Amino acid sequence: MFDVKKVSIEWGGETLTLETGKVARQADGAVMATLGETVVLCAVTAAKSVKDGQDFFPLTVHYQEKYSAAGRIPGGFFKRERGATEKETLVSRLIDRPIRPLFPEGFYNEINAIAQVLSYDGHNEPDILAMVAASAALTISGVPFMGPIGAARVGYVDGEYILNPTDEQVAEGDLDLVVAATHDAVMMVESEANELSEEIMLGAVMFAHDACREVVKAIISLAEQAAKDPWEIASSDDNAALKDKLKKLIGKDIAAAYKLTDKSARSNALNEARAKAKEQFTADGLEPQQVMAGIKLTKKLEAEIVRTAILKEGKRIDGRTTTQIRPIVAETHFLPRAHGSALFTRGETQTIATCTLGTKDAEQMIDGLNGLSYQHFMLHYNFPPYSVGEVGRFGAPGRREVGHGKLAWRALHPVLPTKDEFPYTIRLTSDITESNGSSSMASVCGGSLSMMDAGVPIKRPVSGIAMGLILEGKDYAILSDILGDEDHLGDMDFKVAGTSEGITTMQMDIKIAGITREIFEAALNQAKEGRAHILGEMAKALGEARTELSAHAPRIETMQIDKAKIRDVIGTGGKVIREIVATTGAKVDIDDEGLIKISSSDLDQIEAARKWIAGIVEEAEVGKIYDGKVVNLVDFGAFVNFMGGKDGLVHVSEIRNERVEKVADVLSEGQEVKVKVLEIDPRGKVRLSMRVVDQETGEELEDTRPAREPRGDRGPRRDGGDRGDRGDRGRGGRDRGPRRDGGDRGPRRERSDNVPEDQGHVPDFLKD
């Protein structure tokens, strides 16, 4: 029934298996990829025709994690997988970016690729496996895909590169890098690094490329067994004559437009040239398809003019050299009420970055295959349509916003202080107010400045830069700080961010069939110079983190208590901790290790909660004076609560130096008093005194009460006789006198020597 084809290789210490022919057989291509016990199915379908009037390539990639893959039931009300999570969106982009450039120009058939995680072993991450499965499914589907590509993750631990590291190895190491590549060239790079050098990063990319080649060979081996017949692609008509006519008509207009340094003026001039061409097409009576072809030729003509000027003359659109950075203006404390803020402007790209500090309960909860986790650092990127002078959708963030925000997050995450050093939840927002290239890197610069403005003690400031590439044959030019048009008309979008000590993130997308090591290395070194320049401009606004938090930010104080005291602080059903929060107004969080975080914007509230908790966990000290509150009145005294969670008895004789007939006459419940600890018995009961403490000042008073007479000499008896000294109160040996019947009692036995340990039985000879 099944015609199963399978290929297996040893890869990174695990067996990688690619299988087709058993599942999803009605798709154009379907591959089940297995690494360890992680399994991902990717199915690819393609439309057999192009929709009328379509002039773009509609490729859609969906990545989905099935909770059943990890033996979990989704949280929430509906208990099923719903809209894409942030991770699913990011992995979908990770698959899309390297495969999109490998379809031929002019191919407009809609393609849908769906990758689903069916099994997850908690060890082998499914994102790399999804990229491999998608590449294999496209390769065997018959669609005109100029792949395959391989994908690999690389870690860096103790100076060694590790292929497909575990989560623990990534956490312990200094690098988390993902590379996608064909057999000959790198197509995509995504990474987070702990301030690594350009040499180490380049070595990691090359190491990953070697691993990708092994996967490419395996996919080709599978395709040799199971690939469908390739599609026949209609060759495009020769539009050489139309192109020549277009060049004569508006070539000079386009060249003049691209010499305008102002983006708005340049856009207006280009729109006028395009309108001029369209009017001519209409006057010539061209068919709609020919008009569409003419519009595309206009875009090609623009690219040709810009690229030629850069390669042949070294002239960029705005007149800069290939290494020159646009003017930078940075300003901190831009918003008065934000905890930290910055306005960062580079040329015609601008962001308002804000930093907001919160407590533990503001952490983001993430429900994924590994279970619930909490993120204390967030970065949200927003790109409203007015930032490019357009009318468009304004609402929830799309895939691009999520991706750009995560890139900036990766750039800043390595320089954050630990939670022990800075126990705050940190949220950064980057609102792009102007955009003409590299808004994600502006978010890195603005985010770094806003955190320093908020007083977050980051290791070092972080800057970011976007690099471009113009490649024609063997000639190429690397561009620093690219404009939006240079991004659209160029061959590479390469973003690098880092500190003065090294790289923290690196992202590269290629629009051609890959780049060589030589170009990659040159781009890295040129980016290093640009980052250093930007850091210098940022330092003019703020060189290091402020030492004081904003007056509007919450304060957090930590204290460590014995784990055995946690239950005392929380109380039965949380009664005690709720009372502390309700009474003081401060937020109190306690973890399983006894670390307590007390937070409030009011320092008095923090101090009140701290003292309360300290009183609960602190042991009372004999002779020490404490503030207390009367909690209960009894006939023989009053119970007083002190140190937050302890009660002691003030006997009626210890309330005042004079006699107190009725406790309620001098004390009332809820009354604030000052008490001295007189005694703590072995059972923990505490005896307190008020009379030896000045109730106004809290100072100890001298005990003026007359000392009791010694009980040894008791004075004469009522009948005038002499009582004598009580001496030893033991009754053994005393002459008890004659019995009632006149007999002699004899001496009393010493009972302490004869009473057995078992008090439940008394011998007959001890009974009267």
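User: How do you know which residues of α1 and α8 meet in this model?

Analyst: The model is predicted, and the test is heavy atoms within 4.5 Å. In α1, Glu86, Thr89, Leu90, Ser92 and Arg93 take part. They meet Arg399, Arg400, Val402, Gly403, His404 and Lys406 in α8. This contact divides into two nonpolar, four polar and five charged residues.

User: What makes α1 and α8 parallel, antiparallel, oblique or perpendicular?

Analyst: Look at the axes. Helix α1 covers residues 86–99. Its axis and that of α8 come within 10 Å and cross at roughly 95 degrees. Angles of 65 to 115 degrees count as roughly perpendicular. The pair α1 and α8 is therefore roughly perpendicular.

User: What is the crossing angle of α8 and α9, and what is the pair called?

Analyst: Helix α8 spans residues 399–412, and helix α9 spans residues 439–454. Their axes cross at roughly 50 degrees and come within 9 Å. Parallel needs an angle under 35 degrees, and perpendicular starts at 65. Roughly 50 degrees lies between these limits. The two helices, α8 and α9, are therefore oblique to each other. The crossing of α8 past α9 is right-handed.

User: Which residues of α8 and α9 meet, and how do they divide by class?

Analyst: From α8 come Arg400, His404, Leu407, Ala408, Ala411 and Leu412. They meet a set in α9 that includes Ser439, Met441, Val444, Gly447 and Met451. By class, the contact has seven nonpolar, six polar and one charged. Arg400 and His404 also belong to the α8 side of the contact with α1.

User: Why are α5 and α6 given their label, antiparallel or parallel?

Analyst: Take the angle again. Helix α5 (residues 240–257) and helix α6 (residues 263–283) have axes that cross at roughly 160 degrees. The axes come within 9 Å. An angle over 145 degrees counts as roughly antiparallel. That is why α5 and α6 are roughly antiparallel to each other. The crossing of α5 past α6 is right-handed.

User: Which residues make the contact of α5 with α6, and what are their classes?

Analyst: Among them are Leu242, Leu246, Leu249, Ile250 and Ile254 in α5. The α6 side includes Ala269, Leu270, Ala273, Ala277 and Phe281. The classes are 11 nonpolar, one polar and four charged.

User: How many cavities of 30 Å³ or more are there, and what lines the largest?

Analyst: The structure holds two. The largest has about 70 Å³ of space. Its lining is Leu35, His123, Asn124, Glu125, Asp127, Ile128, Arg153, Asn164 and Pro165. That lining divides into three nonpolar, three polar and three charged residues.

User: What is the volume of the second largest cavity, and which strand gives the most to its lining?

Analyst: The volume is about 40 Å³. Strand β3 gives the most, with three residues. Both β2 (14–20) and β3 (29–35) supply at least two residues each. The lining includes Glu19, Thr20, Val31, Met32 and Leu41. By class it has five nonpolar, two polar and two charged residues.

User: What makes asparagine 164 stand out in its backbone, and where is it placed?

Analyst: Asparagine 164 has a positive phi of about 50 degrees, although it is not a glycine. It sits in the loop between β8 (160–163) and α3 (167–172). Asn164 is also one of the residues lining the largest cavity.

User: How do you know whether the bond from glycine 147 to proline 148 is cis or trans?

Analyst: Check omega. It is near 0 degrees for this peptide bond, and the bond is cis. Proline 148 lies in the loop between α2 (126–141) and β7 (150–157).

Key. Residues numbered from 1 in each chain as written. Predicted model: local features only at pLDDT ≥ 70, side-chain atom pairs only at ≥ 80, totals over all residues. Heavy atoms only, no water. Axes fitted to C-alpha atoms, helices over the stretch in contact; angles between N-to-C directions. Helix = DSSP H or I, 4+ residues; strand = E, 2+ residues; numbered from the N terminus. Left-handed = near helix turned anticlockwise from the far one by under 90°. Nonpolar A, V, L, I, M, F, W, Y, C, P; charged D, E, K, R; others polar. 1 Å grid on protein atoms, 1.4 Å probe; cavity = no way out; pocket = protein on both sides within 12 Å on 5 of 7 lines; lining within 4 Å. Points joined across faces, edges and corners; volume = space filled by probe spheres on them.
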